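Here are a few short exercises to work through with the model open beside you. Try each task before reading its solution.

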Amino acid sequence: MEEEVENFVAKCDKCQRYVEIGEPSTRFTQASEESNDEEMRINLDLLEGKREAALIRMTAQKQVIERYYNRKSRLRFFKIGDFVLKKVFQSTKASNAGKLSPTWEGPYRIHDIAGKGAYELETMDGKILPSHWNVVYLKRYYF
């Protein structure tokens with residue numbers, strides 16, 4: 001049985017490719033401690049440049065993403081005194097409200113600008129709402 005396997009391996013072209021000759025590679029024969037240390041020092045010197053190049057690429061990628069976002073987004077700003085509608089959330093809906101209940105409530109008046117995209121609202125009676133509302137949850141109201 002072993003003879004048949006050896007004869008098959010001897011005749012097979014694919015098997016002949018993987019036979020080890022026993023000679024070491026040129027990389028192995030030419031490697032030495034000094035050349036290895038020198039290559040390590042060179043790589044350490046180039047490391048700072050590679051880090052700077054990576055930082056530049058990251059910054060450029062962030063700028064591309066920012067430009068894409070700014071092109072697609074439609075920013076909304078309100079002035080003090082503008083009338084807006086406030087989105088109705090599941091937690092603020094009435095318990096008996098069905099799927100045909102209104103999704104916006106109001107109108108409310110912008111009382112103050114609380115921050116970037118955040119507004120303080122007041123009712124038509126002048127009562128100020130206790131929390132600030134983001135511009136995402138507000139919609140301009142037209143009479």
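This is a predicted model, and buried residues make up 15% of the 143 residues in the protein.

**Exercise 1. Describe the order of the elements along the protein.**

Solution. Start with the inventory: the protein has four helices and five strands. Next, read from the N terminus, which gives α-α-α-α-β-β-β-β-β.

**Exercise 2. Find which residues make up the largest nonpolar core, and which strands each supply at least two of them.**

Solution. First list the members: Phe 78, Val 84, Tyr 108, Ile 110, Tyr 119, Leu 121, Leu 129, Trp 133, Val 135 and Leu 138, ten residues in all. Then assign them to strands: β2 (104–115), β3 (118–122) and β4 (128–134) each supply at least two core residues. Finally, look at the surroundings of one member. Leaving out residues up to four places away in sequence, Ile 110 touches a set that includes Phe 78, Val 84, Tyr 119, Leu 121 and Leu 138. As general background, nonpolar side chains in soluble globular proteins tend to be buried together.

**Exercise 3. Work out which strands pair with β1, and in which sense.**

Solution. Take β2 to begin with: β1 and β2 pair in the antiparallel sense over four bridges, and Lys 86 stands opposite Glu 105 in β2. Now turn to β5 (residues 138–140), which pairs with β1 in the antiparallel sense over three bridges. Here Leu 85 stands opposite Lys 139. As for cover, four of the five residues of β1 (residues 83–87) are buried.

**Exercise 4. Classify the ring pairs Phe 89 with Trp 133 and Tyr 141 with Phe 143: stacked or edge-to-face?**

Solution. The count of aromatic pairs comes to five. For Phe 89 and Trp 133, the ring centres are 6.0 Å apart and the planes lie at 10°, so the pair is stacked. This pair links distant parts of the chain, 44 residues apart: Phe 89 is in the loop between β1 and β2, and Trp 133 is in strand β4. Trp 133 is buried at 12% relative accessible area, while Phe 89 is partly exposed at 27%.

For Tyr 141 and Phe 143, the centres are 5.0 Å apart and the planes lie at 80°, so the pair is edge-to-face. Tyr 141 counts as partly exposed at 27% relative accessibility, and Phe 143 is exposed at 70%. Ring pairs link Phe 83, Tyr 141 and Phe 143 into a cluster.

**Exercise 5. Identify the ring over which the charged end of Lys 87 sits.**

Solution. The ring belongs to Trp 104, and the charged end of Lys 87 is 5.3 Å from its centre.

Notes. Residues are numbered from 1 along each chain as its sequence is written. Side-chain values use heavy atoms; hydrogens and water are left out. A nonpolar core is a set of buried Ala, Val, Leu, Ile, Met, Phe, Trp, Tyr and Cys residues joined through side-chain atoms within 4.5 Å. Buried means under 20% relative accessible area, exposed over 50%, partly exposed in between (1.4 Å probe, protein chains only). Contact means heavy atoms within 4.5 Å. Two strands pair if DSSP finds at least two bridges between them. Rings of Phe, Tyr and Trp (its six-membered ring) pair if their centres lie within 6.5 Å; planes under 30 degrees apart count as stacked, over 60 as edge-to-face and the rest as tilted. A charge sits over a ring if NZ of Lys or CZ of Arg is within 6 Å of the ring centre and within 35 degrees of the ring normal.
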